[in-house]
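This report covers one helix and its surroundings, then the salt bridges, one arginine and an annotated span.

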Amino acid sequence: MSSPEEIPEEAGTPVSAGIYHLDANDPHQELVDRSGLSEADVQQVSDLMASLARLREAEQRLSDASLRYMKLNQSDMRALHYLIVCANHGVIATPGAIASRLHISTASTTKLLDRLERAGHVTRRAHPSDRRALAIAITPETHEAAMRTVGRQQAKRFLAAARLTPEERETVMRFLDDMAQEIEVADEAWAGSGA
């Protein structure tokens with residue numbers, strides 16, 4: 001494998017294929033002991049990392065396009081997604097539930113809801129059974145716009161998963177869950193407690 005500096009980058013061609021190769025990131029095996037892996041295994045794992053990078057890049061492009069289309073920020077979009085799911089299940093969303101779901105303070109939630117209400121994306125009403133709470137709902141117009149555009153594109157993930165056999169889906173789920181657990185930073189002192 002060539003060194004990272006020697007990875008060719010042609011105009012318009014992303015470097016992702018070589019940049020995620022294990023040898024490019026850990027040439028001296030300081031991070032990953034691969035003594036039990038063949039060169040073919042190392043190459044296949046590196047190819048898998050590059051595939052994950054392509055997925056992250058596609059997700060980022062979709063997220064960026066969604067934010068531009070809806071003229072909202074990431075927290076706003078996450079709140080609207082939560083409100084769509086609540087509406088689909090007949091659950092009354094409250095500011096407290098939104099704050100909990102987004103892991104933000106009640107003050108930040110109030111500002112978020114003010115912003116979304118001013119833009120015509122949500123309504124706030126008295127909660128039907130809790131006098132101390134508000135019921136938050138996505139407006140029909142925003143719900144329809146989100147479903148017709150961003151939601152339709154996001155739903156295409158299902159098609160890729162549906163093309164797998166049940167056994168392949170089990171393998172992918174096990175792999176993704178295992179990877180998520182491996183990279184969790186909750187117990188890492190250097191990550192701080194703000195995660």
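What should the 15 residues of helix H4 (residues 74-88) span, and how far apart are its end C-alpha atoms? At 1.5 Å a residue the expected span is 21 Å, and the end C-alpha atoms are 21 Å apart, so the two agree. The expected span is taken as 1.5 Å times one less than the number of residues. Helices (H or I, at least four residues) and strands (E, at least two) are DSSP runs, numbered from the N terminus.

This is a predicted model, in which local features need pLDDT of at least 70, side-chain atom pairs count only at pLDDT 80 or more, and totals for chains, interfaces and linings use all residues. Residues are numbered from 1 along each chain as its sequence is written, and side-chain values use heavy atoms, with hydrogens and water left out. The protein chain averages a pLDDT (the predictor's confidence in each residue, from 0 to 100) of 88, and 90% of the residues score at least 70. Over residues 1-6 pLDDT stays under 50, and the model has six contacts beyond four places in sequence for them; contact means heavy atoms within 4.5 Å.

**Helix H4**

The buried residues of H4 are Asp-76, Met-77, Ala-79, Leu-80, Leu-83, Ile-84 and Cys-86. Buried means under 20% relative accessible area, exposed over 50%, and partly exposed in between (1.4 Å probe, protein chains only). An α-helix has 3.6 residues a turn, so residues three or four places apart point the same way. The partners of the buried residues of H4 include helix H3 (39-70), helix H7 (140-162) and strand S1 (122-126). At the start of H4, the backbone nitrogen of Ser-75 lies within 3.0 Å of a side-chain oxygen of Asn-73. Gly-90, just after H4, has a positive phi of about 70°.

**Salt bridges**

There are eight salt bridges in the structure, each a side-chain nitrogen of Lys or Arg within 4 Å of a carboxyl oxygen of Asp or Glu. The table gives three of them.

| Pair | Closest N to O distance |
|---|---|
| Asp-26 and Arg-34 | 3.4 Å |
| Asp-114 and Arg-124 | 2.4 Å |
| Glu-117 and Arg-124 | 2.9 Å |

Asp-114 in helix H6 and Arg-124 in strand S1 are ten residues apart, and their pair links distant parts of the chain. Asp-114 is partly exposed because its relative accessibility is 28%. Arg-124 is partly exposed as well, at 23%, and Glu-117 is partly exposed at 34%. By contrast, Asp-26 and Arg-34 are both buried. A network of salt bridges links Asp-23, Asp-26 and Arg-34.

**Arg-169**

Arg-169 lies in helix H8 (residues 166-183). With a relative accessibility of 29%, Arg-169 counts as partly exposed. Its contacts, leaving aside neighbours within four places in sequence, are Ala-161, Ala-162 and Leu-164. The Arg-169 side chain reaches the backbone oxygen of Leu-164 at 2.5 Å.

**Annotated span**

An unreviewed UniProt entry lists residues 48-75 as "coiled-coil region". UniProt positions are given in the numbering used here, feature names are shortened, and annotations may be inferred rather than shown by experiment. In the model, residues 48-75 are 89% helix and 0% strand, and the end C-alpha atoms of the span lie 30 Å apart.

Key. Polar contact = N/O pair within 3.5 Å; in protein donor to acceptor, adjacent residues only side chain to side chain.
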